[in-house]
Amino acid sequence: MNKSLPNFAMDGVKAWLKENLLLFLTFTGVLSGFILGILLRTLELSPETILLIAYPGELFMRLLKLMILPLIIASLITGAASLNAKMNGMIALRTIVFFIVTSLLSACVGLVLVIVIHPGNPETKTLLGSGTTTEKKIDIIDNFLDLGRNLIPDNLFQAAFETAGTKYESDTEKGNLAKILSYRSGTNTLGIIFFCLTFGTVLGSLGKRAQLVVDFFKVIDEVIMKMVNAIM
């Protein structure tokens, strides 16, 4: 009986590793990279050497970022097409609420950390000032308006690369601030999610006529997932 206990424990460990292999490898890689980075700091490597060491990780992150947009589009359209309109409405509402809550939470955490920790070089403030210039001030109502603009983008292809945001610029002729709508680099994830959920809902309501298109996105979803698994 006692001899079977080590075998039972080893079988349990093997089963756990088989089910959580990705988690184990990820944790091992993070821990190994952290320890290796601490040890390499003592060698005082040149910037070129550090760049070459970081290059495989950069390529890995670029591959993951490459898969994000196709995975979101295919999975959301496939999932929305298989559900009814009421369920899709609940999912869309929860998505918007989740996005707003996480955005507010991240802003609060960042604000608290900046006030408490004061990251960066303290001499920067003396050189650049407090950073409260009038051009940088944005009303809270503008943030909510920008949220609606990003939720409903006017160009889906532009939403894949840029997000909308209100910007204040000084008008030298009138001597006041002019409010303009500008675009900054970054994927408008909220707008793409809204479009995919709407597209999938309408697609699912068409029934058998849209089954060919639904199957097309299902195949794309499976292909992207296999690519992601291969990368990981």
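D146 sits in helix 6, which spans residues 140–151. In this predicted model, its relative accessibility comes out at 8%, so D146 counts as buried. Setting aside the neighbours within four places in sequence, the residues in contact with D146 are A164, G165, T166 and L181.

T163 belongs to strand 1, residues 162–171. With a relative accessibility of 12%, T163 is counted as buried too. Once neighbours within four places in sequence are left out, T163 turns out to be in contact with N150, S182, Y183, R184, G186, T187 and N188. One of these contacts, N150, falls within the residue range of helix 6.

Stepping back to the whole chain, there are nine helices and two strands. Read from the N terminus, the order is α-α-α-α-α-α-α-β-β-α-α, so the two strands come just ahead of the last two helices under the numbering used here. The chain has 232 residues, and buried ones make up 15% of them. Among contacts with a separation of 6 or more, 65% link residues that are 24 or more positions apart.

On to helix packing. Two packed helices can be summed up by the distance between their axes and the angle those axes make. For helix 3 (residues 47–81) and helix 8, the axes come within 7 Å and cross at roughly 35 degrees. The crossing of helix 3 and helix 8 is right-handed. From helix 3, the residues taking part are L69, I72, I73, L76, I77, A80 and A81. Facing them from helix 8 are T189, I192, I193, C196, L197, F199, G200, T201, L203 and G204. Sorted by class, this contact of helix 3 with helix 8 holds 13 nonpolar residues and four polar ones, with no charged residues at all.

Some of these residues turn up again in the largest nonpolar core, which has nine members: I77, A81, A159, I192, C196, L203, A210, V214 and F217. Helix 3, helix 8 and helix 9 are the elements that each give two or more residues to this core. Helix 8 supplies the largest share, at three residues. As for V214, its contacts beyond the neighbours within four places in sequence are A81 and L203, both of which are also core members.

What about the aromatic rings? A search of the whole structure turns up three aromatic pairs. In one of them, the ring centres of F199 and F217 are 6.1 Å apart and the planes stand at 70 degrees, so this pair is edge-to-face. Because F199 lies in helix 8 (residues 189–205) and F217 in helix 9 (residues 211–231), the pair ties together parts that are 18 residues apart in sequence. The two partners fall into separate burial classes: F199 has 32% relative accessibility and so counts as partly exposed, whereas F217, at 13%, counts as buried. F217 also pairs with F216, again edge-to-face, at 5.4 Å centre to centre and with 75 degrees between the planes. F195, F199, F216 and F217 together form one aromatic cluster. Of these, F199 also appears on the helix 8 side of the contact with helix 3, and F217 is part of the largest nonpolar core.

The loops add a couple of details. G207 is found in the loop between helix 8 and helix 9. At 35% relative accessibility, G207 counts as partly exposed. Although G207 and S82 are 125 residues apart in sequence, their C-alpha atoms are 10.0 Å apart in space. Back towards the N terminus, E44 lies in the loop between helix 2 (21–41) and helix 3. Its phi is near 55 degrees, a positive value in a residue other than glycine. With a relative accessible area of 71%, E44 is exposed.

Key. Residues are numbered from 1 along each chain as its sequence is written. This is a predicted model: local features need pLDDT of at least 70, side-chain atom pairs count only at pLDDT 80 or more; totals for chains, interfaces and linings use all residues. Side-chain values use heavy atoms; hydrogens and water are left out. Rings of Phe, Tyr and Trp (its six-membered ring) pair if their centres lie within 6.5 Å; planes under 30 degrees apart count as stacked, over 60 as edge-to-face and the rest as tilted. Helices (H or I, at least four residues) and strands (E, at least two) are DSSP runs, numbered from the N terminus. Buried means under 20% relative accessible area, exposed over 50%, partly exposed in between (1.4 Å probe, protein chains only). Axes are lines fitted to C-alpha atoms, for helices over the stretch in contact, and angles run from 0 to 180 degrees between N-to-C directions. A crossing is left-handed if the near helix is turned anticlockwise from the far one by less than a right angle, and right-handed if clockwise. Contact means heavy atoms within 4.5 Å. Ala, Val, Leu, Ile, Met, Phe, Trp, Tyr, Cys and Pro count as nonpolar, Asp, Glu, Lys and Arg as charged, and the others, Gly among them, as polar. A nonpolar core is a set of buried Ala, Val, Leu, Ile, Met, Phe, Trp, Tyr and Cys residues joined through side-chain atoms within 4.5 Å.
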